[in-house]
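Trainee: I have a structure on the bench screen and some questions. Can we go through it step by step?
Mentor: Put it up and start asking.

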Amino acid sequence: MLPRQEQAPSIPIRRKTTGRLQGLRFWSPLITATEGYLFLAPFLIVYCVFRVYPLFRGIYISLFEWDLVGTYREYIGLENYRAMFHDDRFWSSLWHTVYFVLLSTPLIVVVGLLLAVAVNRPMRGMA
């Protein structure tokens, strides 16, 4: 066995900094976090306008009986949902949707995997 070599203890090197840099170092984590939120802001605004607001607005509208032409609306609570769950067309369309998803999803995954394997093979002229 080789003898173990001792390492000299590391001494942190202190550098002289001006007061401005010390202040900037203090604010650096806050500036970095703020920059991150500013970069996220456009996405969050678009997401809320086109996803979150329509979701809650749709739930709100579903609790009323609306007249599409006029301004008449009457609060009926969960009556629309009760009628939906007792409608045979709803259950038929739900079954067709589940059937379509269960057949198409595995097919799409298998075809995509086969295409990826075919493209990943080494071809003539490639290094």
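Trainee: Which residues do ring pairs link into a cluster?
Mentor: This is a predicted model, so only confidently placed side chains count for such pairs. Pairing requires ring centres within 6.5 Å. The residues that ring pairs join into a cluster are Y60, F64, W66 and Y75.

Trainee: How many aromatic pairs are there by this rule?
Mentor: The rule is the 6.5 Å limit between ring centres. By this rule, the count of aromatic pairs is 8.

Trainee: Is the pair of F64 and Y75 stacked, tilted or edge-to-face?
Mentor: The ring centres of F64 and Y75 lie 5.4 Å apart, and their planes meet at 75°. Planes over 60 degrees apart count as edge-to-face. So the pair of F64 and Y75 is edge-to-face.

Trainee: How many residues apart are F64 and Y75, the pair that links distant parts of the chain?
Mentor: F64 sits in strand β1 and Y75 in strand β2. Strand β1 covers residues 64–66, and strand β2 covers residues 73–75. The separation of F64 and Y75 along the chain is 11 residues.

Trainee: Is F64 buried or exposed?
Mentor: The cut-off for buried is under 20% relative accessible area. F64 has a relative accessible area of 15%. Its ring partner Y75, at 54%, is exposed. F64, by contrast, is buried.

Trainee: Which residues does F64 touch, leaving out those up to four places away in sequence?
Mentor: Contact means heavy atoms within 4.5 Å. L78 is 14 residues from F64 in sequence, and their C-alpha atoms are 8.7 Å apart. The residues that F64 touches are R73, E74, Y75, I76 and N80.

Trainee: What is the distance of the polar contact between the side chains of S62 and Y81?
Mentor: S62 lies in helix α1, residues 19–62. S62 touches G77, N80 and Y81, setting aside residues up to four places away in sequence. The side chains of S62 and Y81 make their polar contact at 2.6 Å.

Trainee: Is S62 buried or exposed?
Mentor: Its relative accessibility is 15%. Under 20% is the cut-off. S62 therefore counts as buried.

Trainee: How many salt bridges are there by this rule?
Mentor: The rule asks for a side-chain nitrogen of Lys or Arg within 4 Å of a carboxyl oxygen of Asp or Glu. One of the bridges joins E79 and R82, with the closest N and O atoms 2.7 Å apart. D87 and R89 also meet in a salt bridge, at 3.5 Å, N to O. The count of salt bridges is 2.

Trainee: What separates E79 and R82 in helix α2?
Mentor: Helix α2 runs over residues 79–85. E79, at 35% relative accessibility, counts as partly exposed, and R82, at 43%, also counts as partly exposed. Because E79 and R82 are 3 residues apart in that helix, their separation is about one helical turn.

Trainee: Which backbone nitrogen does a side-chain oxygen of D87 reach at the start of α3?
Mentor: D87 is partly exposed at 26% relative accessibility. The side-chain oxygen of D87 comes to within 3.3 Å of its target. That target is the backbone nitrogen of R89.

Trainee: What does helix α3 reach from its first C-alpha to its last?
Mentor: Helix α3 has 33 residues, 88–120. At 1.5 Å a residue, the expected span is 48 Å. The model comes close to that, with a reach of 48 Å.

Trainee: Which backbone oxygen lies 2.8 Å from a polar atom of the side chain of S104?
Mentor: S104 is in helix α3. S104 is buried, with a relative accessible area of 16%. The backbone oxygen at 2.8 Å from its side chain belongs to F100.

Trainee: What pattern does the protein chain follow along the sequence?
Mentor: The protein chain has 3 helices and 2 strands. Buried residues make up 4% of its 127 residues. Read along the sequence, the pattern is α-β-β-α-α.

Note on methods
Residues are numbered from 1 along each chain as its sequence is written. This is a predicted model: local features need pLDDT of at least 70, side-chain atom pairs count only at pLDDT 80 or more; totals for chains, interfaces and linings use all residues. Side-chain values use heavy atoms; hydrogens and water are left out. Helices (H or I, at least four residues) and strands (E, at least two) are DSSP runs, numbered from the N terminus. Buried means under 20% relative accessible area, exposed over 50%, partly exposed in between (1.4 Å probe, protein chains only). The expected span of a helix is 1.5 Å times one less than its number of residues. A polar contact is a pair of N or O atoms within 3.5 Å; within protein, one must be able to donate a hydrogen and the other to accept it, and residues adjacent in sequence count only if both atoms are side-chain atoms. Rings of Phe, Tyr and Trp (its six-membered ring) pair if their centres lie within 6.5 Å; planes under 30 degrees apart count as stacked, over 60 as edge-to-face and the rest as tilted.
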